[in-house]
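Please find below my comments on the model, set out as numbered points. They begin with the chain as a whole and then turn to particular elements.

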Amino acid sequence: MSSNATCKPPMKATSEGVFQGNNPLDFALPLVIIQICMVLVLTSVLAYLLKPLRQPRVIAEIIGGILLGPSALGRNTNYLNAVFPKRSLPVLDTLANIGLLFFLFLVGLELDLKSLRRTGKKALSIAIAGISLPFVLGIGVSFVLRGTISEGVHQGPFIVFMGVAMSITAFPVLARILAELKLLTTDVGKMAMSAAAVNDIAAWILLALAVALSGTGRSTLVALWVFLCGSVFVVLCSYIIPLTFKWMANRCPEGEPVDELYVCATLGVVLAAGFVTDTIGIHALFGAFVVGVLIPKEGPFAGALVEKVEDLVSGLFLPLYFVSSGLKTDVASINGAESWGLLVLVICVACFGKIAGTVAVSMMCKMPFTEALALGLLMNTKGLVELIVLNIGKDRGVLNDQTFAILVLMALVTTFITTPSVIAVYKPAKKLAEAEYKHRTIYRKGSATGQLRMFFTFHGIRNLPTIINLIEASRETGRKKETLSVHAMHLMELTERSSAILMVHKARKNGSPFWKKDERAGSDQIVVAFETFEQLSKVSIRPTTAISPVLSMHEDICNEAESKNAAMIILPFHKHLRLDGHLEITRHEYRRVNQKVLEHAPCSVSILVDRGFGGSSHVSASNVNSFVTVLFFGGHDDHEALACGARMSEHPGITLVVVRFLPDHDSGDLVSVDIDGPGSIEAMSLDDEVIGEFKEKIFKEDSTNKYVERVVRSSTEAVREHSRCNLILVGRMPEGEVVASLRKRSECPEMGPVGNLLIAPEMNISASVLVVQQYHTEYSLHSMASLKEDEVTTEYDSH
């Protein structure tokens, strides 16, 4: 009785407030709020600190959990009893497991069984080798641990848990590392993803076996019943789940919001499946994962589920699981030379098993050694699934404190070394030799026509109508054989969202025609738009997807443009058109991407200011009726802009007007520049030569195209007069006396002086603008200085 009297009552949910004498930390809800806030702040700080090392966020979350536990901050008992008292742990563990339940449902959604069935023999062999050798070595290590720090544990479950812990590859973490290193679309990346997906499924089957064997009674008959019931559950689900959710998906048309009833029903099914598997004796997580895997991936339904569930689960509940795991991890329990020696042994065996098994089979499949080694290092990635296995083992009494801490540190070390080791050993070869890249500009002296490769980039569906109408304007409709080849790259940011792994499936489609997609699969609006235009116009359009952080997105653009032999890259401006006609910033980061591309591009570059060229939908060739104006001041960039205009003038629906601005020497308003040097005279004669060449080709007697020469005093007014058209083409850094007075405009130096004038609100220009920079092996000091100058401006603005 006396012992019962000293027991503290269970926690109430909410307090009455500090003014009523209540301590909020003695109540469940305020305490959970404090715990969540602490882990969110700590993991965010750690993720920021680890970002330069290109580490996945899971590393920060594991370290954050360990720091909040008894290994670091928890060594202060006052802190531990106040913030993480034992009475609060059931509530914390329950919330963490609910978050984990839905997270593993999302992981299951990201695994496509159809793509697994198409996995080649090579990937399957690598996956089997990457599981079997570490599993066997894990069994060997289990005997060493049982003879030292894990005496008394039940042999069967311990062997299986050790084997599974050694053989796991974290599919979501691996996908993020591959995307960070820009290896998703390489042969190594594709092989790693295929093998990791097979590994993930195998790991869950082995985990189910381990859990079945680790029951409290440890009766072989009971374990057999658990495993058989789990198998029956999977078989029933494989018939019921796909049919049910296919019916739901068919009732959710493309482009319309998914009915809330279906989303709620799905979440209910996930919870019910978790209850069934928990009742069987496997684990609630297993049921949620099975439901996620079996839901059909076609159509908008699966994507809508991810959008609805992911942010709350990944951002709020899942970090609690790392705290829950960290509270069980006491690094101080690893004491003495023997324990630290065992930690080194476990890490070495885990790395050797994964890397050696993968490398051996890869080389048998005739992969180069460096690729095989990189693949082995990538397959050595651990992550959340590893922690799940270890926590289940700890809760079931299979792993003691010391063994648990050793295995958690093993998972942390093996994942941490993946990125730097892959960078050190593997450098993907460029797809194309430099010498083979001939046409890096649209302007080609003596032959303005011929095969032309253009590389369009876009951030989303907002950019598509103008891009498609620009492609339509650039194609030569009068020729029997279309000479325009288009590569369209969808720029997708790699975020910390777990569904970034869904982008892997898009990356696998890189370079394949849209019509080769599964016809039964739901197509998004981007696919439909390009596919329809391609079939109507006969222009070859090849889609690619760039999945990377915004800071390194320019590398994807430049590398892909070089591999495709592009003559020009077309970038979207970092501002979009509002309903009132003014430009609004889409994202500041996109401006930095454009600047980096201008600086490092392997060909000519243009930035497109989209004000609705051609309207909000594709205009067919017979209905095109657009006026295009080229503002020509002089210089190489203006030559390239004129070449673009000349190309468009060959379309029967395009009327081209070329306006050449000449200085009025009788006026004193012009800015004085040195025109006596031989370079300036040569530049002026080159301008005359280029103008003469294009006048001969495109300004014929029966042509509607026009050539106008304007002697101007005020550049601003002259530009405004000739802005009443649908599209304006201008060089980024024009040369000459006329434009010198405009160079003080530097709101967006990447747009150049005339480009800045054309986007100025006071100009009230409604035409779209294409600002063109011609490719040179060495850009002028003034051109580069404008971009460097803007780096300071951008940093100042961001602060």
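1. Among the contacts between residues at least 6 apart in sequence, 80% join residues at least 24 apart. This figure, like every other value in this note, is computed from a predicted model, and it should be read in that light.

2. As for the overall content, the protein holds 30 helices and twelve strands. Of its 799 residues, 54% count as buried, while the surface that the protein exposes comes to about 35,300 Å², of which carbon and sulfur atoms supply 59%.

3. One helix pair deserves a closer description. Helix H9, which covers residues 171-180, packs with helix H10, which covers residues 187-213, at an angle of about 170°, and the axes of the two helices are 9 Å apart. Because angles over 145 degrees count as roughly antiparallel, H9 and H10 are therefore described as roughly antiparallel to each other.

4. On the H9 side, the contact between these helices is made by Phe-171, Leu-174, Ala-175 and Leu-178, whereas H10 contributes Gly-189, Ala-192, Met-193, Ala-196, Ala-197 and Asp-200. Sorted by class, the contact of H9 with H10 comprises eight nonpolar residues, one polar residue and one charged residue.

5. Turning to aromatic residues, the structure holds seven aromatic pairs, and two of the pairs described here involve Trp-204. In the pair of Trp-204 with Phe-286, the rings lie 6.5 Å centre to centre with 45° between the planes, an arrangement that counts as tilted. This pair links distant parts of the chain, since Trp-204 lies in helix H10 and Phe-286 in helix H13 (residues 284-294), 82 residues apart. Both Trp-204 and Phe-286 are buried.

6. How are the rings of Trp-204 and Phe-289 arranged, stacked or tilted? Trp-204 and Phe-289 form a stacked pair, with 4.8 Å centre to centre and 20° between the planes. Here too the pair links distant parts of the chain, with Trp-204 in helix H10 and Phe-289 in helix H13, 85 residues apart. Trp-204 is buried, and Phe-289 is buried as well.

7. Taken together, Trp-204, Phe-286 and Phe-289 form one aromatic cluster. Helix H10 thus appears in two of the settings described above: it packs with H9 at an angle of about 170°, and it carries Trp-204, which pairs with Phe-286 of helix H13 and with Phe-289 of helix H13.

Notes
Residues numbered from 1 in each chain as written. Predicted model: local features only at pLDDT ≥ 70, side-chain atom pairs only at ≥ 80, totals over all residues. Heavy atoms only, no water. Axes fitted to C-alpha atoms, helices over the stretch in contact; angles between N-to-C directions. Helix = DSSP H or I, 4+ residues; strand = E, 2+ residues; numbered from the N terminus. Parallel < 35°, antiparallel > 145°, perpendicular 65-115°, else oblique. Contact = heavy atoms within 4.5 Å. Nonpolar A, V, L, I, M, F, W, Y, C, P; charged D, E, K, R; others polar. Phe/Tyr/Trp six-rings, centres within 6.5 Å; stacked < 30°, edge-to-face > 60°. Buried < 20%, exposed > 50% of the residue type's maximum accessible area, 1.4 Å probe, protein only. Areas by Shrake-Rupley, 256 points an atom, 1.4 Å probe, with all protein chains shown as cover.
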